[in-house]
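Colleague: Please pick one part of this model and take me through it slowly, in plain words. I'm new to this, so spell out the terms as you go.

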Amino acid sequence: MNDPAYRLLQSRAVPLGEAFDLLAAYRPPLGVFFERRGQGVAGMGVPPLVFGGADPDPIGVIDVLRSAARKGRGVAPVAVGAYSFRRGGRRLPGLVIPRRTVRRDHRGETWRLDATYLSRKGDDLTPFEPVVGGVAHEPFADIQLREVPPADVYEEAVREAVAKIGRGEIRKVVLARTIEVTADRELDPRLLAGRLRAVDPDAYTFAVPTDGGVLVGASPELLVSRRGRDVRSNPLAGSAPRSGDPEEDRANADALIASSKEREEHAIVVDAVAETLRPFCEELTWDPEPVLRATPNVWHLSTRFRGSLREPGTTALDLVEALHPTPAVAGEPREAALEAIAALEPFDRGRYAGPVGWVDAEGDGEWAIALRCAELRGKRAVLYAGAGIVADSDPARELDETERKFRAFLDALRWG
């Protein structure tokens, strides 16, 4: 952060109406979008200010935002982006400050934030445009889909993970798969984000740049949020399929709550989140028992955390760095689980299962986990899905969990 250009950053805030659609302010491939229930941020502008190279520096990012806030005399610009899954791995382009951002907060206030260098004379920013709904394309043919790893290899990896658990090497590990899609058209991140948001407004819908494409998804899982001293987290672990038949759907939910295997998987995550957040908080509470969380295709076991920060200087990025990766996406113990993932997954997760979200000059922010997502690269897409493996895991059932997640996303991708 020694580049003098960063010290020349200014911001200007302009109020907008409550009816403004954040998705209209998103411009791929370098734009950013993060929203849940109408609240969030979206940005555009080429080039954005990029914090990348090595791991994002929380102190440096916050310093730049605070400097702009002092110069701008208004709402500060927001840094948005996604971390890679692997700690210490490549995180380009990391966090970005868009040239133009629209932000809607919990009070319903909507602001346009223009960030510029003092030495620059006007940025070429196109006007906001609404997102026009797409038309569903034909389902993808088998020849357009490539599984990595194939189903039988994934089941073997699950068996090996269960064996590692039986030997006491790990307690839990999350194993993921990918499907590589070759489409007959350019895949549109804005249309896909709009479709995902419409299907599940309660999810954190996001679109952020990657090293060579755009990661688009709708995650049900809040890693952490920070507003003033208020801290929240909502880990999910343990799942069951949804059904169009109400009686069957209720039976699946009841079976999930009663399942010792699923509750064990969930308890591992809850214990880890509590242990991590407790030193940061003077008060920390969470649900005494897991509760059901419904998404359009999957039931989840959910535990809601709420805390009050011990030190007001602790930022959302500090909490992200401490929490990631939780056992919900890696396993327990963390390092042993990461070693198992590296040995058993024949691909690089990139930003899948990493933190995605935003932070502002006050240190406030909201960060989800990049799940239910795909990386779009022109006419190609890579879809990701995973399952938590514990001692009682059955390879066929874990494979089916990933297949169900893929089917739901492939349907949404037909509209992108």
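Modeller: Helices α6 and α7 are oblique to each other, because their axes cross at roughly 135°. On this scale, angles under 35 degrees are roughly parallel, over 145 roughly antiparallel, 65 to 115 roughly perpendicular, and the rest oblique. An axis here is a line fitted to C-alpha atoms, for helices over the stretch in contact, and the angle runs from 0 to 180 degrees between N-to-C directions. Why give an angle and a distance for packed helices? Two packed helices are described by exactly that pair of values, taken from their axes. For α6 (residues 260–277) and α7 (residues 316–323), the axes come within 10 Å.

Before going on, keep in mind that this is a predicted model: local features need pLDDT of at least 70, side-chain atom pairs count only at pLDDT 80 or more, and totals for chains, interfaces and linings use all residues. Residues are numbered from 1 along each chain as its sequence is written, and side-chain values use heavy atoms, with hydrogens and water left out.

Back to our pair: α6 and α7 make a right-handed crossing (clockwise turn of the near helix from the far one by less than a right angle; anticlockwise would be left-handed). The residues that meet are V273, T276 and L277 from α6 and L319, A322 and L323 from α7. By class, that contact has five nonpolar residues, one polar and no charged. Contact means heavy atoms within 4.5 Å. As for the classes, Ala, Val, Leu, Ile, Met, Phe, Trp, Tyr, Cys and Pro are nonpolar, Asp, Glu, Lys and Arg are charged, and the others, Gly among them, are polar.

Now follow the chain out of α7. In the loop between α7 and β20 (331–332) sits P325, and a cis peptide bond with omega about -5° joins H324 to P325. Helices (H or I, at least four residues) and strands (E, at least two), by the way, are DSSP runs numbered from the N terminus. Past β20, P333 lies in the loop that leads to α8 (334–344), and E332 and P333 are joined by a cis peptide bond, with omega about -5°. Those bonds deserve a second look, because most peptide bonds are trans, just as most residues other than glycine have a negative phi.

Phi brings us to A353, a residue other than glycine with a positive phi, near 70°. A353 is in the loop between α8 and β21 (355–359), and at 1% relative accessibility it counts as buried. Buried means under 20% relative accessible area, exposed over 50%, and partly exposed in between (1.4 Å probe, protein chains only). R37 has a positive phi near 50°, in the loop between β2 (32–36) and β3 (39–44). Buried or exposed, then, for R37? R37 counts as exposed, because its relative accessibility is 52%.

Just ahead of α7 in the numbering, look at strand β19 (residues 305–309), home of G307. G307 is buried, at 7% relative accessibility. Leaving out residues up to four places away in sequence, G307 touches R229, D230, V231, C281, E283 and L284. G307 is 27 residues from F280 in sequence, yet their C-alpha atoms are 8.8 Å apart.

For a second helix pair, try α4 (residues 189–199) and α9 (residues 395–413), whose axes come within 9 Å and cross at roughly 125°. That makes α4 oblique to α9, and the crossing is right-handed. Here L192, R195 and L196 of α4 meet F409, D411, A412 and L413 of α9. Five of the residues in this contact are nonpolar, none is polar and two are charged.

Zooming out, the chain has nine helices and 24 strands, and buried residues make up 56% of its 416 residues. How far can you trust the picture? The average pLDDT, the predictor's confidence in each residue from 0 to 100, is 87 for the chain, and 85% of the residues score at least 70. Go carefully with residues 1–7, where pLDDT stays under 50, and with residues 89–93, where pLDDT stays under 50. Where pLDDT is low, the predicted coordinates should not be read in detail.
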